[in-house]
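Biologist: Could you take me on a close look at one part of this model, and then walk me outward from there? I would love one connected account that I can follow with the structure open beside me.

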Amino acid sequence: MALLTVDRLTKRFEGTLAVDGISFAIGEGRCVALLGPNGAGKTTTIRMLTGLLQPSSGAIRLEGMKPGQDLRAWIGYLPQTPAFYGWMTGREFLVYAGRLCGLSAKEAYARSDELLARVGIGAAGKRRISGYSGGMKQRLGLAQALIHRPKLLILDEPVSALDPIGRREVMTLLGELKSETTVLFSTHVLHDAEELCDDVLIMSAGRLAEGGSLSGIREANRQPMMSLETEGDSRSKEWLEGWLKRLPAGFEAASATPAGARLIVRDLETARRTVIRELADADVRVTKLEVGYTTLEDLFLKAVAHS
Ligand SMILES: Nc1ncnc2c1ncn2[C@@H]1O[C@H](COP(=O)(O)OP(=O)(O)OP(=O)(O)O)[C@@H](O)[C@H]1O
Ligand SMILES: [Mg+2]
């Protein structure tokens, strides 16, 4: 069952069509990754979903919500750059957020303590936020988003500002949270999406380039590919440059990588024979030749390039 349904959602700023008539649905209990390059319209979409930005047109519907009801009561939101009052302690901030959401003082205190422990900063709850690290602030932001037990948790790039340790910690936490509530999170990092999500929405230039379950999208777009690396000597480089320009039949797409090329092929056996023969004829100094299947990254690059 769809928890959230978005129909032809559009946002136009003077001169910019930031979100261009996108439609999608989010099923209850799913974890959905919203992907797209810089400026694709992810934050604008999220800000409309959270009720912070008025759409130019289109509709957003949450299952069970009565007409005229405030969307925000159902949604927990962690912005791309969350702002805190540094002079407050973490606990004070959560109680304040809980009271704003309509919790009684008693409930707000109990829920704050429970969530501080839950996100792993229980011991720091009595310290001022100005002394928190980036990872601690992000966890506090997550606790704030969860304070009113939202049906839908929306996170705008929850790990992009963190160092590798903070990132791992927050990713683990998100992995736990996704079994408890419906989650929509945006990210640039495809690896993070693959690790966490059930469904993917790929945005490009305000449009939805691809959407559906991660496994379904992978299956539907799975193509054999080869990855080639050379020593990077001038002869190998020259050969590769020329070869990429006159790509032989049977090769669907090719892109240069720092040490070689990535080739999407029609038939693996034929392509493998062709590449090995040509490499030998040209005496190219190969360091690596790998065969496999396209990844979400290949699909992402294709979806973004075609829209
Ligand atoms: N308040 C605004 N006024 C005018 N243009 C805006 C405004 N907010 C966003 N835009 C434009 O809308 C487009 C989409 O921006 P948005 O922030 O939604 O992208 P994004 O996918 O979140 O990018 P990023 O990955 O960099 O966070 C951009 O071209 C941006 O310049
Ligand atoms: Mg953004």
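**A strand covered on both faces, and its surroundings**

Modeller: Happy to! Strand S5 (residues 75-78) is covered on both faces: Ile75 and Tyr77 are buried on one side, and Gly76 and Leu78 are buried on the other. Please keep in mind that this is a predicted model. S5 has a partner in strand S6 (residues 152-156), and the two pair in the parallel sense over 4 bridges. To find your place in that pairing, look for leucine 78, which stands opposite leucine 155 in S6.

From the strands, let us go on to helix H2 (residues 90-100). Its buried residues are Gly90, Phe93, Leu94, Val95, Ala97 and Gly98. A general point helps in reading such a list: an α-helix has 3.6 residues a turn, so residues three or four places apart point the same way. As for what covers them, the buried residues of H2 pack against helix H3 (105-118) and helix H4 (134-146). After H2 comes glycine 102, with a positive phi near 95 degrees.

Next, the ligand site. Ligand 1 is surrounded by 14 residues, and the closest are Asn38, Gly39, Lys42, Thr43 and Thr44. By character, this shell divides into 4 nonpolar, 8 polar and 2 charged residues. Three polar approaches to oxygen atoms of the ligand are worth showing one by one. At glycine 41 the backbone takes part, with an N or O atom 2.9 Å from an oxygen atom of ligand 1. Lysine 42 uses its side chain, where a polar atom lies 2.7 Å from a ligand oxygen. For threonine 44, an N or O atom in the side chain is 2.5 Å from an oxygen atom of ligand 1. Taken alone, ligand 1 exposes 640 Å², and the protein buries 63% of that. Strand S2 (16-27) and helix H1 (42-49) are the elements that give two or more residues to the shell. The largest share, 3 residues, comes from H1.

One last stop is glutamate 278, found in helix H9 (residues 268-281). Is its side of the story buried or exposed? Glutamate 278 counts as buried because its relative accessible area is 18%, under the 20% cut-off. Leaving aside residues up to four places away in sequence, glutamate 278 touches Trp239, Trp243, Arg246 and Pro248. With one of these, tryptophan 243, there is a polar contact between the two side chains, at 2.7 Å.

Methods. Residues are numbered from 1 along each chain as its sequence is written. Chains are lettered from A and ligands numbered from 1 in the order in which they are written. This is a predicted model: local features need pLDDT of at least 70, side-chain atom pairs count only at pLDDT 80 or more; totals for chains, interfaces and linings use all residues. Side-chain values use heavy atoms; hydrogens and water are left out. Buried means under 20% relative accessible area, exposed over 50%, partly exposed in between (1.4 Å probe, protein chains only). A polar contact is a pair of N or O atoms within 3.5 Å; within protein, one must be able to donate a hydrogen and the other to accept it, and residues adjacent in sequence count only if both atoms are side-chain atoms. Contact means heavy atoms within 4.5 Å. A residue is near a molecule or strand if one of its heavy atoms lies within 4 Å of it. Accessible areas come from the Shrake-Rupley method with a 1.4 Å probe; for residues, only the protein chains shown count as cover. Ala, Val, Leu, Ile, Met, Phe, Trp, Tyr, Cys and Pro count as nonpolar, Asp, Glu, Lys and Arg as charged, and the others, Gly among them, as polar. Two strands pair if DSSP finds at least two bridges between them.
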